[in-house]
Amino acid sequence: MTLALDNARELRADERRERFSILGLSFPALILVTLLVFLPVGWLFWLSVIDGGELSLIHYRRLADATHFRIFYVTFEISILVTVLALLLGYPLAYLMSQLPPRWAGICLIFVLIPFWTSLLVRTYAWLVLLQRRGVINQTLQDLGLIDAPLRLVHNYTGTVIGMLHIMLPFMILPLYAALRTVDPNYMRAASNLGAGPVRAFWTVFFPLSLPGVFAGSLLVFILSLGFYVTPALLGGGRVMMVSMKIQQNAGLYFDWGAASALGVVLLVVTLFIFWVLSRFMRVERVFGGG
Amino acid sequence: MLLRPASETQITHLGRLWLYVVAGLVMMFLILPVFVVIPMSFSDSRFLRFPPEGFSLRWYASYLGSPEWMRATWVSFQVAVLTTLVATPLGIAAAYGLHVSGVRFARLLSLALITPLIIPIIILGVGIFYLYVLLGIVNTIPGLVLAHSILALPFVLVTVSSGLQQYDMNQELAARSMGASRLTAFRTVTLPQIRGSIVAGALFAFITSLDEVIIALFISGGQNTTLTRRMFTGLRDEIDPTIAAISSLLIILSVVLLMILVLTNRKK
Amino acid sequence: MSAVSAKSEPIRFEGVSKRFGTFTALDDVSLEIGSGEFLTLLGPSGSGKTTLLMVLAGFTRATSGRVLVGNEDMTRVPPHKRDFGMVFQNYALFPHMDVFGNVAYPLKLRGVAKAEIGTRVRRALDLVQLSHLADRGVDQLSGGQKQRIALARAIVFEPRVLLMDEPLSALDKNLREQMQIEIRNLHETLGITTVYVTHDQREALTMSDRVVVIDAGRVVQVDTPRAIYERPADSFVADFIGESTLLPVERNGRGFSFAGMPLRLGEAAANGDFLVVRPEKLGFHDPGTEEEVNLFDGSLQQVVYQGETLLAQIRLANGLPVTLRLSTRREMMARLPEIGAPITLALHRDDTVIVPEHRK
């Protein structure tokens, strides 16, 4: 009996050792992320609640003014607008891709993946070139005689939204396409067999089945938009101030760590909350696989 | 042709012509801005017009002839290669460990590892800058590599994990039953079969680092200014057409890397 | 002397238990497997049969207990040092190697010289009659061929023991039956101790020297296929293996009776709560055999024609249903009465088996 017990203890030790050594393979990555993500972010939390060496909510109280309200309002407004536009433009393409034979769908996918793989900065630059006063679009419209004076397309709200839409579109299309592809065509056959016309079959059967993909793509685009910096900074021309830009300004320009931290914490909490909602809809890891 | 049924509900191609048109326009919207830069980079004018007036390589010459741009390019490539070398093995090890361990909190740990993709990068930038000031590694190559590695790691983790999910772990058991240790089984049986996902993860890591702007704004500078940081500053101040040349080269690089990715993952 | 020689060693499980959290997958299993024996672990899914095999292979660690092969305690030996050949459910062939590469793999790991690898791989492939496929890719093989390659790969390094985890479950019925015989023949050629896991009772009965019936992590019965079928240890085995109807019996002094009628019992010592009635053991009553059989009166309810046999549903006098299986030979069918008519069934006393209720 003692013998069996001894053996049980050894076996448990073996099991634990093996488990630990397997799990241990993830430790270097976890340590790196802890040191460079969790530690600094924790630090920001700490900086946001101290003032002159004492605990204080002063940095948060300072956020409750018209300027900051305006910044948050603009950030949300742009993010919502970009999300809605990305859904409206992305859904038809994702839908068509899900219906095409694999060969053609693959070709369409290339059109989505090339911008997805191209530097965000380069794409923002391309829009700057396209949208500026003497840019391609104004030039073309004037040459065609459609407008007399160049349109103000960039260094403002419009330019920011167009640029962000372009950058976010693949993030909408890829999860949507993944979701739409899994809708079993038999459902549509059944709907058709039961007497629904194409339009009715789409809205009563296909679309409801695609809603998880719609939610996933929309939430993803929304949280990524909330944290945007480069595109509004370059295409907004100083007229558009989003939360990330304000954080950069506070930290990089004024060295006001308290203010930067408090804003950062608010942005982070909102983002993580939406991310949490998103993670209940889908395995978030998939989205970043890039299709 | 147009009247042939196009879907399960027997709608004709003509009946959803509008869908093809809309999808086509969206694809144009996605792709044209990327490629419009290339012809313009060959313009000989200071103003970027389309179609470009006159052909010249002056902006390429201006890029290649500038010690500052060359230095920045060298820094960026160094950082991107080193980031790939750090993030890829770490990501493979983490993906394998979390996949095989079978512990309940494995999913939680893998979520922890992909948080850098979710947290607004500006927050990471500020936080890491603050940390680096204390450590005295602002504006250094190792500092940049470590910071970029945490952004690249999630991509390696995700691609390798999905490779492992499609792979039959029983093969590793079979190898071990035949006398291979865990490491040998991984090296001789698992690794060759998830090579495609590893290449994808590594390319992602490389391009993530190469294209990264925001963190570089905080922690790269002086001798170790990255290409993207210099481009960003250049764009904010005035539109230097040299950037069109650099952008064109970056676009071509992206397309080449994407092609490598597609080709390595094609065989399956 | 066989083409590929193999050692044959006995295996012993001593009080092996495995718990996953609060779930007990194996509950104090003790078992001896003779050298050169073909032993099958049979049980419903989730019974613990695969866990027991995995503990033997070393991929699952027991919570307590010991596993011995020969005289060597293997309990804490890692799988790659056990020298056991194993065939997996889905074959687990390596798709990035050709057939030769797969079969050569264990030999390469053992540092066998190149020339010898060639001859040994060829001999192993000869044994499964697939030497002509050595250069094929794994993807080009049919299911049956994959199965044979997996088998060749598991025996080429002359393992101490051969383990098989539901190796035929992915094959269709005809091929499965053919492979059963081939594996059986291969076992006879090699004489290697073999542990085979299946949930298919017919497969277990066809192939094994002995069958271990497992339920809920416990060994219920270990016996020859014939004994398992003819003399089940309890109601679970009787029910799980073959078709049977369990009729409640009453203890009647030293004997048993069913519906008030004392039962004639054969040489097998019987004890328990249920009479096991298998459809094919029932027959018509032939006058003059009364001393040898037990008789049951009932009425014919329904007849289902199934080709080589037919099934007749009969309601006994006390209302319980039993099933009779008849050959479709003309003279047998002729003896069936009309639907609804009375019928008397006979069960030979040596086939009158009484089993205790299964302990959960």
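**Two interfaces of chain A**

The area buried between chain C and chain A is about 790 Å², with carbon and sulfur atoms giving 45% of that figure. This value, like the others here, comes from a predicted model. Nine residues of chain C take part, in contact with eight residues of chain A.

Charged side chains appear at this interface: five salt bridges are counted between chain C and chain A. A helpful place to start looking is the pair Arg76(C) and Glu10(A), whose side chains meet in a salt bridge at 3.1 Å, N to O. Four residue pairs in polar contact, both residues at pLDDT 80 or more, are also counted between chain C and chain A. On the chain C side, strand E4 (residues 64-69) gives the most to the surface that touches chain A, with three residues. By class, the residues on that side of chain C divide into one nonpolar, four polar and four charged.

The interface of chain B with chain A can be read in the same order. Here, 95 residues of chain B are in contact with 88 residues of chain A. The buried area is about 8,500 Å², and carbon and sulfur atoms give 82% of it. One salt bridge is found across the interface of chain B and chain A; the side chains of Arg182(B) and Glu18(A) meet in a salt bridge at 2.8 Å, N to O. Six residue pairs in polar contact, both at pLDDT 80 or more, are found across the interface of chain B and chain A. Helix H1 (residues 17-40) of chain B gives the most to the side that touches chain A, with 16 residues. That side of chain B has 74 nonpolar, twelve polar and nine charged residues.

Notes. Residues numbered from 1 in each chain as written. Chains lettered and ligands numbered in written order. Predicted model: local features only at pLDDT ≥ 70, side-chain atom pairs only at ≥ 80, totals over all residues. Heavy atoms only, no water. Contact = heavy atoms within 4.5 Å. Buried area = accessible area lost by both parts, 1.4 Å probe. Salt bridge = Lys/Arg side-chain N within 4 Å of Asp/Glu carboxyl O. Polar contact = N/O pair within 3.5 Å; in protein donor to acceptor, adjacent residues only side chain to side chain. Helix = DSSP H or I, 4+ residues; strand = E, 2+ residues; numbered from the N terminus. Nonpolar A, V, L, I, M, F, W, Y, C, P; charged D, E, K, R; others polar.
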